[in-house]
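Biologist: I should like to request a close look at a single part of this model, described in terms that a first-year student can follow.

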Amino acid sequence: MPQMTPSPKLRTRDFILAGVLAACALLGVVSISGPVWTIAAGVVWLIIAPFSRRHWPLATVLIAVALLAVRAMSPLLTVTDIVVATFAAYLIRRNLPPVLRDVAATVVIVGDVLAISVVSPVLRSMPLDERLPYLAWSVTLLVAAGLFGELRRRTEEAAARELEQALKRQRVELEHAMSEQRAFLAREIHDVVTHSLTVMVAQADGGRYGRPAEKDEALRTIGEVGRKSLSQMREVVALLRTPESRPVEPSPSSLDLDELVRTSQLGGLDVEYTVTGTGPAQLPLATSLAVQRVVQEALTNALKHGDGTATLDVAWHSDALVITVANPFTGAPVEQAGQGLRGMLERASLIGGSVQVGPSDPQRWTATLQVPYPAPERRHK
């Protein structure tokens, strides 16, 4: 498992651990007389091991095993030897890779039993019944240190797995949000560009064969629609440049379809526009924008694929708004839904509405949008 650079908090913890281990191990130096170089080497190892265990765990453990093998042949057993053996057992289960972890733990336990039973001069001279407590306590201490290292390692691995899962969930949520944002931008660009370009192309084609006055009117219409489309595209670009989530253009507080009818008529579509019923004074902003985009797409399709005429019926009911756009068409109807039709369905679903699009009879195409809204509160007399 690759080791990351320790944080300042971990470095501080390592310094404290090295100080505590060295303080305990020095008891083994001051309590004996004679040559102490092997014991001093153990003290040095205890000072270095807390820092080297993350980058060079195997080398750190091998040096400890070598020191313990040399000390096993000494006539004295010191506190330093116990501290080195205990911390080495901890490092084996805490820092070594899985395969080496099990092998090293077995080697240390077997080596400890052999050292106490066969190698150590001071313990070998004792009767068996006197050596058994030393053997039991030594093995118990090593096993306890190893289990503590195992617990620490598993705790950190569980925390790392939990963090990784949290990061995965965040990535999925981010990708989902980015996908929704791309779909939103695709719908806006499609609605803005398709409607405007359809009107501009119709005016340009009609102006080519008209009288000078008609050509001037066509050019004025193209300029007007083009400027409005350019303004909306600037809003789309601004949305791409800012992390804030906001609509592409200011959403109207009340539904006004007159401008859509006017621009469609400028493009050459003869629209019969009727309104029945009375709607609420104000609709939710998202609902107003979604309804306008759906109607815009339906009128654009009527202008592109119809015979130049269409009907737009807006009906305000007590609990729902129903809008129907119908136009005659020639030729076979489109079998597969294009980007515009998919956008209509997506926009309607976002506001809890529904759209039904298709031929209502062999030569008539109908798009019906139904949007529920809360009925206005009635005042009690």
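Biologist: Where is proline 280 found? Please begin there and then describe the surroundings.

Modeller: The model is predicted, so local features need pLDDT of at least 70 and side-chain atom pairs count only at pLDDT 80 or more, whereas totals for chains, interfaces and linings use all residues. Residues are numbered from 1 along each chain as its sequence is written, and side-chain values use heavy atoms, with hydrogens and water left out.

Proline 280 is found in the loop between strand E1 (270-276) and helix H10. Helices (H or I, at least four residues) and strands (E, at least two) are DSSP runs, numbered from the N terminus. Proline 280 is partly exposed, with a relative accessible area of 26%; buried means under 20%, exposed over 50%, and partly exposed in between, for a 1.4 Å probe and protein chains only. Not counting residues up to four places away in sequence, proline 280 touches Trp316 and Tyr373, where contact means heavy atoms within 4.5 Å. Proline 280 and tryptophan 316 are 36 residues apart along the chain, and their C-alpha atoms are separated by 8.8 Å.

Contacts between distant positions also appear in the chain as a whole. Among contacts in the protein chain with a separation of 6 or more, 71% are accounted for by residues 24 or more positions apart. The secondary structure of this chain comes to eleven helices and five strands, and 38% of its 381 residues count as buried.

The helix that follows the loop, H10, leads on to the interior. The largest nonpolar core has 31 residues, of which Leu257, Val291, Val295, Leu312, Leu321, Ile323 and Leu369 touch the most other members. Such a core is a set of buried Ala, Val, Leu, Ile, Met, Phe, Trp, Tyr and Cys residues joined through side-chain atoms within 4.5 Å. The elements that give two or more residues to this core are H9, H10 (285-305), strand E2 (309-316), strand E3 (320-328), helix H11 (339-350) and strand E5 (364-372). H10 gives the most, with eight residues. In general, nonpolar side chains tend to be buried together in soluble globular proteins.

Individual residues show how these elements meet. Leaving aside neighbours within four places in sequence, leucine 369 is in contact with Val291, Val294, Leu321, Val322, Ile323, Ala348, Ser354 and Val355. Apart from this core lies another, of 23 residues, among them Ala25, Ala64, Val108 and Ala145.

Strand E5 also holds threonine 366. With a relative accessible area of 13%, threonine 366 is buried. Its contacts, not counting residues up to four places away in sequence, are with Thr324, Val325, Ala326, Gln356, Val357, Gly358 and Ser360.

Helix H9 (residues 258-266) completes the picture of this part. Within H9, Leu260, Val261, Thr263, Ser264 and Leu266 are buried. Just after H9, glycine 268 takes a positive phi of about 105 degrees.

To return to the starting point, the loop that holds proline 280 lies between E1 and H10, and H10 is the element that gives the most residues to the largest core.
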